[in-house]
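Morning, everyone. Please pull up the sequence and the model on your screens.

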Amino acid sequence: MRTFLLLLTSLLIVSCNRDIKTPKAGEWRAVLELDRGKEIPFLMDIAEDHTITIHNGDEAIKIDAVKFEGDSITIAHPVFEGVFKGIYTEDSIYGNFIKPSLDRVVPFKMKRGRAERFTVKSAPKADVTGNWETVFSPKSSADRYIAKGTFEQTGHKVTGTFRTTTGDYRFLEGAVENDTMRLSTFDGAHAFLFEAKVEDTIMTGTFYSGNHFKEPFTAKRNENFELPKADSLTFLKEGYDKIEFSFPNTKGEQISLEDEQFQGKVVLVQIMGTWCPNCVDETKYYKKYYDKNKGKDFEIVSLAFEYAPTELKAMAAITKFKEALDVPYPILLAQHGTEDKKKANQKLPMLNHVLSYPTTIFIDKNGNVRRIHTGFNGPATGKKYDEFVKDFESFVGSLLNEKVDEIKKKEE
């Protein structure tokens, strides 16, 4: 009798599980639900094998870590720690987007079917195509910073980004309805929403980062506006001529620039975090360049500043990052428990400040700092990214062509 009951229970469980149909393949629209009815929308596709592709303008982010258990679903990003946990049907998924290390939870909902990122009921009364001189937190002397908005509008649809002195706000996509512009992006780590009223050549709006931060911004149309050069913002303090550090790799080995592997070589020191999407973009490019030039007296070493609360979790994040992007060079744990830049500067006291993740320090074959580049103009910036690549390859190429005696001569 007991055997029969166990068999019956097993059959019922199997039967129940067969009745639960997984989300259908096709186009889906998702929103992260903020306070006071605000939403950060993004579009995605679900394939027959349940692989998910998130779309932001020209960006496509593939996620294949999708797990089902009963009527529950877990969607994990291949690099970042953020995870969707929810309940699913064939046509919908509801739940929370969770970032455990930061104790952040944002409700989400996903619906199957073709849809636009933003629902537009009225024709646009403004065209935002062009360049916009932008100031975030304009009334705060402590938080104020400048940016350059660059947008393209076709009908009511808009794509583009905001570039700051420390990097860009990724691939933004949205729409103009009447006199209101809305742009959003979701990259697995950051969820951004920009809303602004547009009146002739003036834009006034609010920037939302998830449900934990918001700030005002203003902008004016200015086709000639340009940001300060990224190579002049971070520099060595007076009295220093070299970079020094010693941090552990994922094997627990202490690595420093005094190690033999870096001697007599051009070395890039990348200040980054595994949680940082711009760092991901930069790392993808650096890996490509490294693979082409690793036999030419060239090395890269990354210093990770992690908000993960423990060294164990921070090392796990670095390992995940290295494996997901197939990074061939060392990533060292410089800091855990916070990504605070002032704390980071304490680990690298020879710098005037750590202003941005990422920041790259260029070191010649004689161990001298030749350039420090703040931030990164990623693929979302279009021509600026192309300009960065051209300048980077030209400058690093010139360092690779130098000989030690030529470097000494230049110093004299």
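How many salt bridges does a search of the whole structure find? The search finds 24. Keep in mind that this is a predicted model. I'll take a few of those pairs, then helix 2, then the sheet, then the cysteines.

Start with Lys 197. Lys 197 forms a salt bridge with Asp 179, and the closest N and O atoms are 3.5 Å apart. This pair links distant parts of the chain. Lys 197 is in strand 16, residues 191-199. Asp 179 is in the loop between strand 14 (172-177) and strand 15 (180-186). The two residues are 18 apart. How accessible are they? Lys 197 is partly exposed, with a relative accessible area of 44%. Asp 179 is partly exposed too, with a relative accessible area of 25%.

Next, Lys 287. Two of its salt bridges are worth a look, so to speak, side by side: one goes to Asp 291, the other to Asp 326.

Take Asp 291 to begin with. Its closest N and O atoms with Lys 287 are 2.7 Å apart. Both residues sit in helix 2, residues 277-293. They are 4 residues apart, so about one helical turn separates them. Asp 291 is partly exposed, at a relative accessible area of 34%. Is Lys 287 buried or exposed? Lys 287 is buried, because its relative accessible area is 18% and the cut-off for buried is under 20%.

Now the pair with Asp 326. Here the closest N and O atoms are 3.6 Å apart. Lys 287 lies in helix 2, while Asp 326 lies in the loop between helix 3 (311-325) and strand 23 (331-335). So this salt bridge ties together parts that are 39 residues apart in sequence. Asp 326 is exposed, with a relative accessible area of 51%.

There is also a network. Which residues does it link by salt bridges? Lys 148, Arg 163, Glu 226, Lys 384 and Glu 387.

Back to helix 2 as a whole. It has 17 residues. From first C-alpha to last, helix 2 reaches 24 Å, close to the 24 Å expected at 1.5 Å a residue. The helix is mostly covered, with 13 of its 17 residues buried.

On to the sheet. It is an open sheet of 9 strands, paired antiparallel. The strand order is 4-3-2-1-9-8-7-6-5. Which strands stand at the edges? Strand 4 (59-63) and strand 5 (65-69). Each has a single partner strand, so one side of each is left without a neighbour in the sheet. The twist averages 25 degrees from one strand to the next.

Zoom in on one pairing in that order. Strand 1, residues 26-33, runs antiparallel to strand 9, residues 104-112. How many bridges join them? There are 5. For a single register point, take Arg 29: its bridge partner in strand 9 is Lys 111.

Last item, the cysteines. How many disulfides does a search of the whole structure find? The count is 0. Two cysteines can still be placed by burial. Cys 276 counts as buried, at 3% relative accessibility. Cys 279 is buried as well, with a relative accessible area of 0%.

That's my tour. Over to you.

Definitions and conventions: Residues are numbered from 1 along each chain as its sequence is written. This is a predicted model: local features need pLDDT of at least 70, side-chain atom pairs count only at pLDDT 80 or more; totals for chains, interfaces and linings use all residues. Side-chain values use heavy atoms; hydrogens and water are left out. Two strands pair if DSSP finds at least two bridges between them. Axes are lines fitted to C-alpha atoms, for helices over the stretch in contact, and angles run from 0 to 180 degrees between N-to-C directions. A salt bridge is a side-chain nitrogen of Lys or Arg within 4 Å of a carboxyl oxygen of Asp or Glu. Buried means under 20% relative accessible area, exposed over 50%, partly exposed in between (1.4 Å probe, protein chains only). The expected span of a helix is 1.5 Å times one less than its number of residues. A disulfide is a pair of cysteine sulfur atoms within 2.5 Å.
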